[in-house]
Amino acid sequence: MKKTHSTPGKRAAQLHLPNFVRLVERYKKCVVGIEVIQTPYRDRALFFPWERPLPREGRAALNIGTGFMFHPKGYILTNEHVIAEADRIMLRVFGRKDLVEADLVGRDRKHDIAVLWANIPVPSPVLRLGHSKDVQVGEWVVAIGSPLGLDHTVTVGIVSAKNRPLQIGDREYPNLIQTDAAINRGNSGGPLINLRGEVIGMNTAVSQSSQGIGFAIAADVLRQRVKAILGEA
C-alpha cells in the first residue's frame, strides 16, 4: 500500500488551522434567535433596510435578529434596532421547539444596544466580552447568528479593520470592527467571537453595495453601555 507523505510546511499549516468546531460547540447554547412581533403593523422607515419585518401567517408584522447570553444572571445582548417598537420579543432557544418570550431590561438607542432577559436556563460558560485593545487586524473570528431566520448559522472570517467610526441618523457607532465574515439579515445582535472564545464585537451592519464588508460594535463600547443599562456604572 502506497504511503502518502506531507511536507513539513503542510504539516505545520494543518497544526495551526483553527478549531472552529470546538469553539461553536462550547458557545452555541448562548446564542438565541429573535423574532419581534409588532401589532398593529406601522409602515415605518427602519434603520437597516435588510431588517424590514417579514410577513408570517398569524402575525401582524415581524422583525428578526440574534442575541447572545453574556451575563451569569442570564442577560441577553442584542441590537436596539432589532427590538425597536416591539410589542412582543420572542426567543428561539437552542434545543427547544417552542418560542420563549423575553423582557426588555433596557436600551440605548443612540448606540444601538439593548439588553433582554428570559426565563431560560443559563448555559455554562456564557459568552464573555473581550477587550477592543486586544483585537488584531487579520485574526480569525466566528459569527454565530440567524441570517434569514436560519438559527445557529456559523460563518468565519478575519478582522479586516478596526476603529471605523460611523453615524447614521441619530445613532452613533464609535470604533466599529470591520470583518469579512458573512453577515446577513438576521445576524444583527449576534456575537463576533475570537479564537479565545471572547466576544470582540456585536454584529450590526453590512454593506449592501459589496460583499465581504460587515461591521460589529466593539466590545469596549458594549461593556460601557451595558454597565449603564444595568446600573453597574
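**From one bridge to the whole fold**

Ile76 has Leu116 of strand S6 as its bridge partner. This bridge belongs to a predicted model. The two strands concerned are S3 and S6, which pair in the antiparallel sense over 3 bridges. S3 covers residues 76-78, and S6 covers 113-117.

On to the other pairing of S6. Here 5 bridges join S5 to S6, and the strands run antiparallel. One of the paired positions is Asp108, whose bridge partner in S6 is Ile113. The hairpin of S5 and S6 has 4 residues between the strands. Within that hairpin, Asp112 takes a positive phi near 65°.

How enclosed is S6 by the rest of the structure? It is largely enclosed, because 4 of its 5 residues are buried. Buried here means under 20% relative accessible area.

S5 also pairs with S4. Strand S4 spans residues 88-92 and strand S5 spans residues 100-108. They are antiparallel, with 3 bridges. Met90 finds its bridge partner, Glu101, in S5.

These pairings are part of a closed sheet. In total, 6 strands close into a barrel, in the order S1-S2-S3-S6-S5-S4. The pairing is antiparallel. Neighbouring strands of this sheet are turned against each other by 40° on average, direction ignored. Strands of a sheet pair through backbone hydrogen bonds.

A helix joins the picture at this point. Helix H4, residues 219-229, lies across S3, S5 and S6. H4 runs at about 55° to S6.

Leu77 offers a view of the packing. Not counting residues up to four places away in sequence, its contacts include Thr66, Gly67, Phe68 and Phe70. Leu77 also touches Ile113, Ala114 and Val115, and these three fall within the bounds of S6. Further contacts of Leu77 are Gly189, Met202, Leu222 and Val226. Leu222 and Val226 fall within the bounds of H4.

Which residues touch the most other members of the largest nonpolar core? They are Ile34, Phe68, Leu77 and Leu91, in a core of 46 residues. This core draws at least three residues from each of domain 1 (21-117) and domain 2 (128-230). Apart from it lies another core, of 9 residues. Val141, Val159, Ile177 and Ala218 are among its members.

Now for the strands later in the chain. Strand S9 covers residues 153-168, and strand S10 covers residues 171-179. They run antiparallel and are joined by 6 bridges. Gln167 has Glu172 of S10 as its bridge partner. The hairpin of S9 and S10 has 2 residues between the strands. There, Gly169 takes a positive phi near 65°.

S10 has a further antiparallel pairing, with strand S13 (residues 214-218), over 3 bridges. In this pairing, Gln178 stands opposite Phe215 in S13.

Finally, the chain as a whole. It has 4 helices and 13 strands. Of its 233 residues, 50% count as buried. Take the contacts between residues at least 6 apart in sequence: 65% of them join residues at least 24 apart. The protein chain exposes about 12,000 Å². Carbon and sulfur atoms supply 52% of that area.

Definitions and conventions
Residues are numbered from 1 along each chain as its sequence is written. This is a predicted model: local features need pLDDT of at least 70, side-chain atom pairs count only at pLDDT 80 or more; totals for chains, interfaces and linings use all residues. Side-chain values use heavy atoms; hydrogens and water are left out. Two strands pair if DSSP finds at least two bridges between them. Axes are lines fitted to C-alpha atoms, for helices over the stretch in contact, and angles run from 0 to 180 degrees between N-to-C directions. Contact means heavy atoms within 4.5 Å. Buried means under 20% relative accessible area, exposed over 50%, partly exposed in between (1.4 Å probe, protein chains only). A nonpolar core is a set of buried Ala, Val, Leu, Ile, Met, Phe, Trp, Tyr and Cys residues joined through side-chain atoms within 4.5 Å. Domain bounds come from an automatic or database domain assignment. Accessible areas come from the Shrake-Rupley method with a 1.4 Å probe; for residues, only the protein chains shown count as cover.
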